[in-house]
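Please open the structure in your viewer with a cartoon representation, and keep a selection prompt ready. The tour moves from one selection to the next and says what is found at each stop.

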Amino acid sequence: MGCGLVWVKRAGVYPGLVLGCPHRAGGSFQSPYRLCSPCSLHFIVFDTELAHDILKVWDGPVDSAILLKEWSGSALPEDIHSTFHSLTLQFDSDFFISKSGFSIQFSTSIASTCNDPGIPQNGTRYGDSREPGDTITFQCDPGYQLQGQAKITCVQLNNRFFWQPDPPTCIAACGGNLTGPAGVILSPNYPQPYPPGKECDWRIKVNPDFVIALIFKSFNMEPSYDFLHIYEGGDSNSPLIGSFQGSQAPERIESSGNSLFLAFRSDASVGLSGFAIEFKGTVTSLTCEESNLYRDCFNHKHLFIKSCLSV
Ligand SMILES: [Ca+2]
């Protein structure tokens with residue numbers, strides 16, 4: 001059995017090893033092309049419409065459900081190896097915007113290491129070695145939650161080399177219970193647009209002797225439709241400090257107690273980049289005069305009362 005086809009979509013270059021297929025404009029091109037092997041793919045050209053025209057490579061047939069990787073955009077992918085004896089390439093294009101596409105060389109060289117597990121978006125990878133038995137660990141940036149295991153191991157099974165478990169991802173989660181002394185709260189999917197129709201609640205609690213400072217690092221919400229409500233206390237029955245929308249958020253808010261409740265609400269359409277807010281437990285840094293200024297500015301009726309009363 002000879003090595004099969006790589007389908008080239010509008011690629012200007014047809015290298016000797018690559019066979020072309022007729023271009024089909026628009027629509028979903030789902031016919032799988034399988035290669036004999038174990039196979040390696042080497043990318044010569046890659047340019048597709050980001051997030052819309054997507055190349056997927058499956059380890060073995062599509063029905064094996066082992067997706068090795070998927071790509072879109074203009075970054076040239078690194079070489080990739082099958083772990084089974086075939087690869088399936090699947091290219092889906094939408095009806096809009098065509099780029100030059102891709103051309104890929106393939107060979108039947110057998111992998112001797114695990115694939116590059118990549119670096120998760122919004123995270124860090126520790127370790128580069130990909131021999132069987134090697135481990136790599138991952139850590140997410142502040143505010144992001146690890147989905148999966150922090151530590152993965154390269155495993156060899158006959159001629160297959162694969163990571164166990166799969167490499168993790170880092171996501172900005174919808175809500176959570178946070179305790180001090182400090183941390184970061186991100187709108188869901190941050191810095192990508194938050195999804196529509198979301199209700200995310202965060203509870204922050206710090207040491208009883210401390211108040212909570214919220215420092216707004218970025219704030220960008222759809223005006224009049226998407227809100228961040230901040231309450232002084234443990235839930236939405238607590239006094240409302242403020243409801244923030246658009247790009248109008250204060251630089252800093254201080255609670256008067258040791259707990260805050262943040263409720264994010266997005267309506268059914270239009271998501272923007274949302275927010276990144278640092279929190280920390282602190283002794284109050286504001287004078288009563290300053291706190292009154294803040295209170296007048298933002299109508300935070302319940303802010304700073306405790307510290308003012310104690311003066
Ligand atoms: Ca919206």
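The stops below take in strands, sheets, cores and a few loop residues of what is a predicted model.

**The five-stranded sheet**

Begin by selecting strands S14, S16, S21, S18 and S19, which in that order make up an open sheet of 5 strands with mixed pairing. Its edges are formed by S14, covering residues 176-179, and by S19, covering residues 240-244, each of which pairs on one side only. If you look along the sheet, neighbouring strands are turned against each other by 15 degrees on average, with direction ignored.

Now restrict the selection to S14 and to S16, residues 199-205, where the two strands run parallel and are joined by 4 bridges. Within this pair, Leu178 has Ile204 of S16 as its bridge partner.

**The four-stranded sheet**

Next select S15, S22, S17 and S20, an open sheet of 4 strands in that order, in which the pairing is antiparallel. Strand S15 (182-186) and strand S20 (252-254) stand at the edges with a single partner strand each, so one side of each has no neighbour in the sheet. Here the twist from one strand to the next averages 20 degrees.

Inside this sheet, highlight S17, residues 211-220, together with S22, residues 274-282, which pair in the antiparallel sense over 9 bridges. Which residue of S22 is the bridge partner of Ile215? The partner is Glu278.

**The nonpolar cores**

Keep S17 on screen and show side chains, since the next stop is the largest nonpolar core, a set of 32 residues in which Ile212, Leu228, Ile230, Leu260, Leu262 and Phe279 have the most contacts. Two or more residues each are contributed by S15, S16, S17, S18 (227-232), S19, S21 (259-265) and S22. The largest share, 5 residues, comes from S17. Colouring by domain is also useful here, as this core draws at least three residues from each of domain 2 (123-171) and domain 3 (181-284).

Centre the view on Ile212 and ask which residues it touches, once those up to four places away in sequence are not counted. They are Ile204, Val206, Ser255, Asn258, Leu260, Phe279 and Gly281. Ile204 has already appeared on this tour as the bridge partner of Leu178, and Phe279 as one of the residues with the most contacts inside the core.

A second core, separate from this one, has 13 residues, and Phe46, Val57, Ile80 and Leu89 are among them.

**A hairpin and two cis peptide bonds**

Move to S11, residues 151-157, and S12, residues 160-164, which run antiparallel and are joined by 5 bridges. At the turn, Leu157 stands opposite Arg160 in S12. This hairpin has 2 residues between its strands, and Asn158 takes a positive phi near 55 degrees.

From there, step on to the peptide bond from Gln164 to Pro165, which is cis with omega near -10 degrees. Pro165 lies in the loop between S12 and S13 (169-171). A further cis peptide bond runs from Tyr190 to Pro191, with omega near 5 degrees, and Pro191 is found in the loop between S15 and S16. As background for these stops, most peptide bonds are trans, and most residues other than glycine have a negative phi.

**Three loop residues**

Select Ser224 in the loop between S17 and S18, where phi is near 70 degrees, a positive value in a residue other than glycine. Is Ser224 buried or exposed? Ser224 is exposed, because 9 other C-beta atoms lie within 10 Å and the cut-off for exposed is 12 or fewer.

Val270, in the loop between S21 and S22, likewise has a positive phi, near 60 degrees. With 14 C-beta neighbours inside 10 Å, Val270 counts as partly exposed.

Finish at Gly246, in the loop between S19 and S20, which is partly exposed with 15 other C-beta atoms within 10 Å. Leaving aside neighbours within four places in sequence, Gly246 is in contact with Met221 and Pro223. A distance label from Gly246 to Leu272, which is 26 residues apart from it along the chain, should show their C-alpha atoms separated by 9.4 Å.

Notes: Residues are numbered from 1 along each chain as its sequence is written. This is a predicted model: local features need pLDDT of at least 70, side-chain atom pairs count only at pLDDT 80 or more; totals for chains, interfaces and linings use all residues. Two strands pair if DSSP finds at least two bridges between them. Axes are lines fitted to C-alpha atoms, for helices over the stretch in contact, and angles run from 0 to 180 degrees between N-to-C directions. A nonpolar core is a set of buried Ala, Val, Leu, Ile, Met, Phe, Trp, Tyr and Cys residues joined through C-beta atoms within 7 Å. A residue is buried if 20 or more other C-beta atoms lie within 10 Å of its own, exposed if 12 or fewer, and partly exposed in between; C-beta atoms are placed from the backbone. Domain bounds come from an automatic or database domain assignment. Two residues are in contact if their C-beta atoms, placed from the backbone, lie within 7 Å.
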